[in-house]
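Colleague: I have a structure open and would like to learn how to read it feature by feature. Could we go through it together?

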Amino acid sequence: MRALCWAGAGLVEVRRVPDPELRNAQDMIVRVRRSTTCGADLPLLAGQVPEASAGEVLGREFLGDVVEVGPEVRRHRVADRVVVGATVACGACWFCRQGLPACCDNGTSGVAAEPGWGQPPAGGYGRPARLGGFAGGHAEYVRVPYADVGAFAVPESVSDERAVFAADAAPVGWYGAELGEVAPGDVVAVWGAGAVGQLTAGAAVARGADRVVVVDDRDDRLRMVTGHDGVEALNHRYVDVLAELRERSGGRGPDVCVDASGVPAAPVRWPAAEPDGGAALREAVHACRKGGVVVVLDARPGFVDRFPLGAFADKGLAVRAARRRGGAAIPALLERMARDELVTEHLATHRMPLEHGAEGYALFRDRADGCVRVVFTP
Ligand SMILES: [Zn+2]
């Protein structure tokens, strides 16, 4: 089959790779209909993840049609249209039973993550195999392990372009608002107007926040935020973000501050200590009202220096973090999509065949031409 593979620093290319096969009784094979780029791919593309091997298939978020099921798959049948959560979790280990699929002990190899992280988190699609990764969704076919746990039927009325965001961006955004315990009347600030930041802002609105303000340095992205989610936008190139946020929160500071800025656009060495990054996190800690919650979402470089520990402790802040949620919220998000309460297809600013993968990733990396996400069709 054809698949978009990592081909060394800065390079991706479509290669011929073997078709995936069922390996375990709980596996199924999905023929991909759509897949999307993800900011967490960028360090890998730049050659900053030494665990990556050339030829590994990229693609963290995808949806498609079931073409083959293992004998122990109960919830899916051939020809079902499914979206596959980006986290690979078994559903049965201690962490999965605690409702923490992103911490699953069985969905990961953990070979390389353990020394840096202490314990390995769950694996995912399109990540290096040595970091608990599984062959990704920028391909014609994908093997989906633990299919009953990680794949979800898509309601007929939901388009492919909308549903593909239920794989990861929407559940991560939803989880950001949940971790922040956003409640009616809250003022919420979100750093980063990429797909995850936009979906976090939308989730905060859905949970009843009084005001939601998104901070970014790109006018094109901020226009999407004000146009689609009805939230406020601040461009930190033009305004004093801290003063504005104080002004818009009755002088107290936002109740919940979410750093959804993702991996820095500028190259960093990974997993070595980052010389300067975490600017959004520092600003979030500074802006947050006393006793508020700071949430760190999405993929991150290994280390960030100059963490404002004094402000964090003296203001009595809670800091919570998650790279992703796992699949628990996906069925409810798909239902919201079916009711048009969650609209995501505008995030697919660019749509192209998989053959144009290199061009698509260049657009995505450079945020060129207003690119938020590129959606590929194999
Ligand atoms: Zn598990």
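Colleague: Which residue is the bridge partner of W191 in β12?

Modeller: This is a predicted model, so each value here is computed from it. Bridges tell you which residues sit opposite each other in paired strands, and W191 has V215 as its bridge partner in β12. The pairing concerned is that of β11 (residues 187-191) with β12 (residues 211-216), which is parallel and spans five bridges.

Colleague: What is the order of the strands in the open sheet of six?

Modeller: The order is β13-β12-β11-β14-β15-β16, and the pairing is parallel. The edges are taken by β13 (232-235) and β16 (318-322); each has a single partner strand, so one side of each has no neighbour in the sheet. From one strand to the next, the twist averages 20°.

Colleague: Which helix lies across β12 and β13?

Modeller: That is α8 (residues 219-228), which runs at about 165° to β13. Angles of this kind go from 0 to 180 degrees between N-to-C directions.

Colleague: Let us take one residue of an edge strand. How exposed is E232?

Modeller: E232 is found in β13. Its relative accessibility is 22%, and because the limit for buried is under 20%, E232 counts as partly exposed. Next, look at what surrounds the residue. Beyond four places away in sequence, E232 touches R211, V212, V213, V214, V225, T226 and R248. With R211 there is also a polar contact of 2.8 Å between the side chains. Sequence distance and spatial distance should be read separately: E232 and V213 are 19 residues apart in sequence, but 4.6 Å apart in space, C-alpha to C-alpha.

Colleague: Is D27 buried or exposed?

Modeller: D27 is buried, at a relative accessible area of 1%. The residue lies in the loop between β2 (12-16) and β3 (28-36). For a buried polar side chain, check its partners: the side chains of D27 and R143 are joined by a polar contact of 2.7 Å. Other residues that D27 touches include L22, V69, G70, V73 and Y146.

Colleague: How do I read a metal site? Which residues coordinate the zinc ion?

Modeller: Start with the donor atoms, then their distances, then the angles. Here the donors are the SG atoms of C90, C93, C96 and C104, at 2.3 to 2.4 Å. For four tetrahedral donors the ideal angle is 109.5 degrees. The angles among the four donor atoms of the zinc ion are 104 to 117°, and the site is tetrahedral.

Colleague: What spacing do the donors follow along the chain?

Modeller: The spacing is C-x2-C-x2-C-x7-C. C90 and C104 are 14 residues apart and link distant parts of the chain: C90 is in the loop between β6 (87-88) and α2 (94-97), and C104 in the loop between α2 and α3 (113-117). Both are buried, C90 with a relative accessible area of 8% and C104 at 0%.

Colleague: What should I make of backbone angles?

Modeller: Most residues other than glycine have a negative phi. Exceptions are therefore worth a look. A79 is not a glycine, yet has a positive phi of about 90°. A79 sits in the loop between β4 (61-69) and β5 (81-84) and is exposed, with 59% relative accessibility. D340 is also not a glycine and has a positive phi, of about 65°. D340 is in the loop between α12 (330-338) and β17 (350-353), and counts as exposed at 53%.

Colleague: And a glycine? Where does G8 take a positive phi?

Modeller: In the hairpin of β1 and β2, which has five residues between the strands; the phi of G8 is near 105°. The two strands pair in the antiparallel sense over five bridges, and W6 stands opposite V12 in β2. In β1 (residues 2-6), five of the five residues are buried. R2, L4 and W6 point one way, whereas A3 and C5 point the other.

Colleague: Last, a helix. Which residues of α10 are buried?

Modeller: In α10 (residues 279-287), they are A280, L281, R282, A284, V285 and A287. These residues pack against β11, α9 (241-247), β14 (256-259), β15 (293-297) and α11 (309-314).

Methods: Residues are numbered from 1 along each chain as its sequence is written. This is a predicted model: local features need pLDDT of at least 70, side-chain atom pairs count only at pLDDT 80 or more; totals for chains, interfaces and linings use all residues. Side-chain values use heavy atoms; hydrogens and water are left out. Donors are N, O and S atoms within 2.8 Å of the metal (3.2 Å for Na, K and Ca); water is not among the atoms, so sites may look incomplete. Four donors count as tetrahedral if all angles lie between 85 and 135 degrees; four count as square planar and six as octahedral if opposite donors are over 155 degrees apart and all others between 65 and 115; anything else is irregular. Helices (H or I, at least four residues) and strands (E, at least two) are DSSP runs, numbered from the N terminus. Buried means under 20% relative accessible area, exposed over 50%, partly exposed in between (1.4 Å probe, protein chains only). Two strands pair if DSSP finds at least two bridges between them. Contact means heavy atoms within 4.5 Å. A polar contact is a pair of N or O atoms within 3.5 Å; within protein, one must be able to donate a hydrogen and the other to accept it, and residues adjacent in sequence count only if both atoms are side-chain atoms.
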